[in-house]
Amino acid sequence: MKKAIILLSGGLDSATTLYYAKNQGYQTSCLIFDYGQRHRREIQQAIKIAKASHSDYKIVKINLPWQGSALLDKKIALPRNRQNIPKGIPVTYVPARNIIFLSFAASYAEAAGAQTIFIGANAIDYSGYPDCRPNFYQAYQKVLNLGLKAGVEGKTIRVKTPLIRKTKASIIRLGLRLSVPYHLTWSCYQGGARPCGVCDSCILREKGFEEVGRR
Ligand SMILES: [Zn+2]
């Protein structure tokens, strides 16, 4: 069976990506990062999603003591109530996050003999992060082709971004068809018992579910 490594955050997009990969016939192994997020909730939800999908999972703890993001530093306020997210890179950007995550995934894939890495990056309904854009993934693919033993030996490890050009609503429609357990996903940048409803991530999620006629 073909193997894939899935970057799983506990959010809606990565959960949909996981179920998409399973539907494509991959044996899925989830990679979950404990990277000093503001809260533990998304890690707990990611574990539940991995289990629900009958995927194995690994949690990798990494430390970014320099922080540099509102998602890592509780002293930086999260943007609230932005119905139209302005252009520009917001304070929730984590320096080099997807480069770091993908590099761990590439190491895992190469060691485990997986030919594919899936990441739920999205360049439409997203927060303006540069490491979510298609041209970044095209360039990163070249890095893997040149920098991995597998790449040099002609067994290229591919990075797949099936959601990259989808709207939040079309991601949700796809996920509903694939029976993604959305009740287990956590999008909110804040922790707590319930989503805050006012951060960028909560707003994008709510808009998406509204558009498909679900709450
Ligand atoms: Zn929120």
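# A walk through the predicted model

At 62% relative accessibility, N63 counts as exposed, because the cut-off for that label is over 50%. Keep in mind throughout that this is a predicted model. N63 sits in the loop between β3 (56–61) and α3. Along the sequence, N63 and G36 are 27 residues apart, yet in space their C-alpha atoms are 6.5 Å from each other.

That loop between β3 and α3 also holds N81 and A96. Both are worth a look if you like backbone angles. N81 has a phi near 55°, which is a positive value in a residue other than glycine. For A96 phi is near 60°, again positive and again not in a glycine. A96 has a relative accessibility of 29%, so it counts as partly exposed.

## The zinc site

Which atoms hold the zinc ion? The protein donors are the SG atoms of C188, C196, C199 and C202, and they lie 2.3 Å from the metal. Along the chain, these donors follow the spacing C-x7-C-x2-C-x2-C.

The geometry is easy to name here. The four donor atoms subtend angles of 101 to 120° around the zinc ion, so the arrangement is tetrahedral. The test behind that label asks for all angles to lie between 85 and 135 degrees.

How do the cysteines sit with respect to the surface? C188 has just 1% relative accessibility and therefore counts as buried. C196, with a relative accessible area of 31%, is partly exposed.

## Salt bridges

How many salt bridges turn up in a search of the whole structure? The search finds seven. Three of them are set out here, with the distance between the N and O atoms.

| Salt bridge | N to O distance |
|---|---|
| D13 and K168 | 3.0 Å |
| E153 and K149 | 3.7 Å |
| K155 and E153 | 3.6 Å |

Take the D13 and K168 pair, whose side chains meet at 3.0 Å. This pair links distant parts of the chain: D13 belongs to helix α1 (residues 12–23) and K168 to helix α6 (residues 168–177), with the two positions 155 residues apart in sequence. Are the partners buried or exposed? D13 has a relative accessible area of 15%, so it is buried. K168 is at 9% relative accessibility and is buried as well. The cut-off for that label is under 20%.

E153 shows up in two rows of the table, with K149 as one partner and K155 as another. E153 itself is partly exposed, with a relative accessible area of 45%. K149 has a value of 57%, so it is exposed. K155 is exposed too, at 51% relative accessibility. Elsewhere, D34, R40 and K61 are joined into one network by salt bridges that share partners.

## Helix α4

Helix α4 runs over residues 134–147. Does its length come out as expected or off the mark? At 1.5 Å a residue, 14 residues should span 20 Å, and the end C-alpha atoms are indeed 20 Å apart, so the two values agree.

Which residues of α4 are buried? They are P134, F136, Y137, Y140, Q141 and L144. Look down the helix axis and these buried residues fall within an arc of 145°, which means they line one face of α4. The face turned away from that buried side carries exposed residues, namely Q138, K142, L146 and G147.

What does the buried side of α4 pack against? Its buried residues pack against two helices, α3 (97–112) and α5 (149–152). They also pack against two strands, β4 (116–118) and β5 (158–160).

P134, which is in helix α4, has some contacts of its own. Setting aside its neighbours within four places in sequence, P134 is in contact with A123, I164 and R165. A46 is another matter: P134 and A46 are 88 residues apart in sequence, and their C-alpha atoms are 25 Å apart in space.

Definitions and conventions. Residues are numbered from 1 along each chain as its sequence is written. This is a predicted model: local features need pLDDT of at least 70, side-chain atom pairs count only at pLDDT 80 or more; totals for chains, interfaces and linings use all residues. Side-chain values use heavy atoms; hydrogens and water are left out. A salt bridge is a side-chain nitrogen of Lys or Arg within 4 Å of a carboxyl oxygen of Asp or Glu. Helices (H or I, at least four residues) and strands (E, at least two) are DSSP runs, numbered from the N terminus. Buried means under 20% relative accessible area, exposed over 50%, partly exposed in between (1.4 Å probe, protein chains only). Donors are N, O and S atoms within 2.8 Å of the metal (3.2 Å for Na, K and Ca); water is not among the atoms, so sites may look incomplete. Four donors count as tetrahedral if all angles lie between 85 and 135 degrees; four count as square planar and six as octahedral if opposite donors are over 155 degrees apart and all others between 65 and 115; anything else is irregular. The expected span of a helix is 1.5 Å times one less than its number of residues. The arc is that of the directions from the helix axis to the C-beta atoms. Contact means heavy atoms within 4.5 Å.
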